[in-house]
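Grab the viewer and work through these exercises on sheet, helices and surface. Try each task before you read its solution.

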Amino acid sequence: MDLNECQETIQKIENIVVELVDKAEEGFEIEVFCVLKEALKTSSEAIKQVEPLAMDSCELHAPNNTPFINSGFEIQKRNGGRLIDFSNVPEVSEKETELKQLKEKLKHAFVGLENGATMLSGEQMVLSDGELVNLPTWKNKKDSIVVKKL
């Protein structure tokens, strides 16, 4: 695929997206949303399929991960970062379990405020063992639209 073919393909995709947004603004917002979600799903699947091939190609173009230009794009392969795995450290697992249990206890008490099962003392909750703790707060997740192709 040469530079012109890449640019033409990108332009076609951009034109389709502009047309779809126009359709949404004309009252077909749900239909356009569904089309865009399917296009995103298809694109994501294609990227997963092509990415390993592109990684190999990056190695050939720039074995030392230096940036290079190809078809009007600057491309650079980056190595993944390192993470420390604490799964074989029992002390960390114990603390994570303790934290999970504490959160569950606080969650139960906080939900209990709504039905009167948990008491308040000033601005703090009274846990079942009598301990006073600050109130957690509710966080709302973003609303979403679920799309299933039939």
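Helices here are DSSP runs of H or I with at least four residues, numbered from the N terminus. Keep in mind that the model is predicted.

**Exercise 1.** Place valine 21 in the fold, then decide: is valine 21 buried or exposed, or something in between?

*Solution.* Start with the element: valine 21 sits in helix 1, which covers residues 3-61. Next, take its relative accessible area, 36%. Buried means under 20% and exposed means over 50%, so valine 21 counts as partly exposed. Finally, look at its company: Val21 joins Ile13, Val17 and Leu36 in a nonpolar surface patch, with about 290 Å² of accessible area together.

**Exercise 2.** Work out the strand order of the open sheet and find which strands are at its edges.

*Solution.* Three strands make up this open sheet, in the order 3-4-5, with antiparallel pairing. Strand 3 (119-121) and strand 5 (132-134) each pair on one side only, so these are the edge strands. From one strand to the next, the twist averages 40°. Now zoom in on strand 4 (residues 124-126): three antiparallel bridges link it to strand 5, and methionine 125 stands opposite valine 133.

**Exercise 3.** Which helix packs on the sheet?

*Solution.* That's helix 2 (residues 90-115), which touches strand 3, strand 4 and strand 5. Compare directions: helix 2 makes about 100° with strand 4.

**Exercise 4.** Locate lysine 142 and say whether it is buried or exposed.

*Solution.* Lysine 142 lies in the segment after strand 5. Its relative accessible area is 80%, so lysine 142 is exposed. As a last step, go C-alpha to C-alpha to glycine 81: 61 residues apart in sequence, 29 Å apart in space.

Key
Residues numbered from 1 in each chain as written. Predicted model: local features only at pLDDT ≥ 70, side-chain atom pairs only at ≥ 80, totals over all residues. Heavy atoms only, no water. Patch = residues over 30% accessible without salt bridge, like charges linked within 9 Å, V, L, I, M, F, W, Y side chains within 5 Å. Areas by Shrake-Rupley, 256 points an atom, 1.4 Å probe, with all protein chains shown as cover. Salt bridge = Lys/Arg side-chain N within 4 Å of Asp/Glu carboxyl O. Helix = DSSP H or I, 4+ residues; strand = E, 2+ residues; numbered from the N terminus. Buried < 20%, exposed > 50% of the residue type's maximum accessible area, 1.4 Å probe, protein only. Pairing = 2+ DSSP bridges. Axes fitted to C-alpha atoms, helices over the stretch in contact; angles between N-to-C directions. Contact = heavy atoms within 4.5 Å.
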